[in-house]
Amino acid sequence: MAAAAAVCRSLGLFVVVVLAVSVTGVWSKSFTITNNCGYTVWPGVLSGAGSPALETTGFELPPGASQTLEAPAGWSGRLWGRTLCSTDATTNKFTCATGDCGSGTVACGGGNAAPPATLAEFTLDGSGGMDFYDVSLVDGSNLPLLVAPSSSGAAAAGNCAPTGCLVDLNAACPADLRVVVTSSSAAADVNADDVVACKSACLAFGSPEYCCSGEYASPTTCRPSAYSEFFKNACPRAYSYAYDDATSTFTCAGGDTAAYTVTFCPGTNSVKSSSPSSGAPGDLPLINGTMAFAGGDQQVGAAAAMPPSTTSRTVVLLVAALVMLAGGAMS
Ligand SMILES: *[C@@H]1O[C@H](CO)[C@@H](O)[C@H](O)[C@H]1NC(C)=O
């Protein structure tokens with residue numbers, strides 16, 4: 001009995017210590033989320049199983065705005081951007097054309113992003129005390145997104161580097177992967193047939209070969225496809241299919257990294273290329289210099305304000321056509 005009481009007391013003490021630490025924020029890290037798009041983005045946040053919800057699960061972020069969220073030690077979860085959101089005048093339900101989380105409200109409250117959506121995925125203080133993070137296009141993408149750790153100096157070398165997809169894949173999206181809006185909306189500055197997101201082949205066709213399921217559920221049997229290579233060529237550091245781990249998972253020493261930035265539409269000049277050294281994912285370019293892409297600011301809302309240059313549009317279409325031709329020739 002005495003032993004049991006002692007266990008209870010020390011458990012109680014442990015709980016008090018954990019509470020004190022999380023209240024004082026000793027172990028916490030932060031995500032600073034910035035919207036550099038020319039249109040409003042509504043970030044969504046979903047905590048992984050066993051991780052607590054952050055202070056918000058969804059909010060509105062106007063162009064140019066930033067918001068910082070605190071995350072406790074060991075947090076895992078994902079962040080993404082919802083676009084073209086509005087509240088229905090009759091039902092009062094809040095929905096988004098891309099990244100919708102199904103909650104009917106600005107807060108996602110545990111709802112997941114409807115694909116296609118560009119995802120920033122985190123596991124803080126995981127195996128070996130490392131933070132793991134990646135940007136995933138496995139289910140497709142809806143807007144350019146950059147994740148950058150705060151670490152500098154030696155800690156920022158190798159795999160502890162910015163990752164993301166800096167280019168607007170909507171403009172270049174192959175025809176059979178496109179998500180288009182079906183009606184125009186003056187409020188959202190979007191026209192019918194505008195491409196608002198780009199599906200992955202798994203999402204578009206659902207076949208085991210593209211989804212790495214069934215007999216393709218292993219790194220040796222699931223190979224890149226012409227479709228996944230469209231994403232990988234444009235965004236060499238982002239996940240383009242389920243087993244793209246080797247070039248797409250980034251890690252920072254958890255103890256040396258207190259903050260991450262997540263930027264929507266970071267622009268294509270925002271990150272210097274790191275000096276090649278070890279064959280780590282961080283040595284890959286964030287943007288493929290041999291491809292010319294339009295920047296993310298050209299999506300919908302900003303389209304009226306800043307018409308895309310016709311030359312970059314033409315190059316994008318040419319590249320897309322070549323990629324698809326190559327894909328057709330291979331299959
Ligand atoms: C850049 O794109 C070209 C053409 O699509 C491709 O052959 C090349 O492998 C890509 N480079 C990287 C680093 O992804």
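In this short talk I will go through a predicted model, beginning with the strands, moving on to two loop residues and the nonpolar core, and ending with the ligand.

Let me start with β4, which covers residues 76-87, since several pairings involve this strand. With β2 it pairs in the antiparallel sense over six bridges, and within that pairing L46 stands opposite R78 of β4. Strand β6, residues 119-123, is also antiparallel to β4, and five bridges join the two; here W80 has L119 in β6 as its bridge partner. Then there is β5, residues 94-98, which runs antiparallel to β4 and is joined to it by four bridges, one pair of partners being S86 and T95 in β5. The hairpin that β4 and β5 form has six residues between the strands, and in it N92 takes a positive phi near 70 degrees.

Now to the loops, where I would like to set out two residues in turn. The loop between β1, residues 29-35, and β2 holds Y39, and this residue is buried, because 23 other C-beta atoms lie within 10 Å and the cut-off for that label is 20 or more. Although Y39 and C265 are 226 residues apart along the chain, their C-alpha atoms are separated by 9.8 Å. G48, by contrast, sits in the loop between β2 (42-47) and β3 (66-71). Is G48 buried or exposed? G48 counts as exposed, because it has 12 C-beta neighbours inside 10 Å, and the label applies at 12 or fewer. Leaving aside residues up to four places away in sequence, G48 touches S76 and G77, and its C-alpha atom is separated by 7.8 Å from that of W75, which is 27 residues away along the chain.

Turning to the interior, the largest nonpolar core has 72 residues, and among those with the most contacts inside it are A120, L145, V147 and V262. As background, nonpolar side chains in soluble globular proteins tend to be buried together. If we follow V262 and again set aside residues up to four places away in sequence, we find that it touches F31, I33, L79, A120, L145 and V147.

Finally, which residues are around the ligand? They are N233, P236, L284, P285, N288, T290 and M291. By class, this shell divides into four nonpolar and three polar residues, with no charged residue in it.

Definitions and conventions: Residues are numbered from 1 along each chain as its sequence is written. This is a predicted model: local features need pLDDT of at least 70, side-chain atom pairs count only at pLDDT 80 or more; totals for chains, interfaces and linings use all residues. A residue is near a molecule or strand if its C-beta atom, placed from the backbone, lies within 6 Å of it. Ala, Val, Leu, Ile, Met, Phe, Trp, Tyr, Cys and Pro count as nonpolar, Asp, Glu, Lys and Arg as charged, and the others, Gly among them, as polar. A nonpolar core is a set of buried Ala, Val, Leu, Ile, Met, Phe, Trp, Tyr and Cys residues joined through C-beta atoms within 7 Å. Two residues are in contact if their C-beta atoms, placed from the backbone, lie within 7 Å. Two strands pair if DSSP finds at least two bridges between them.
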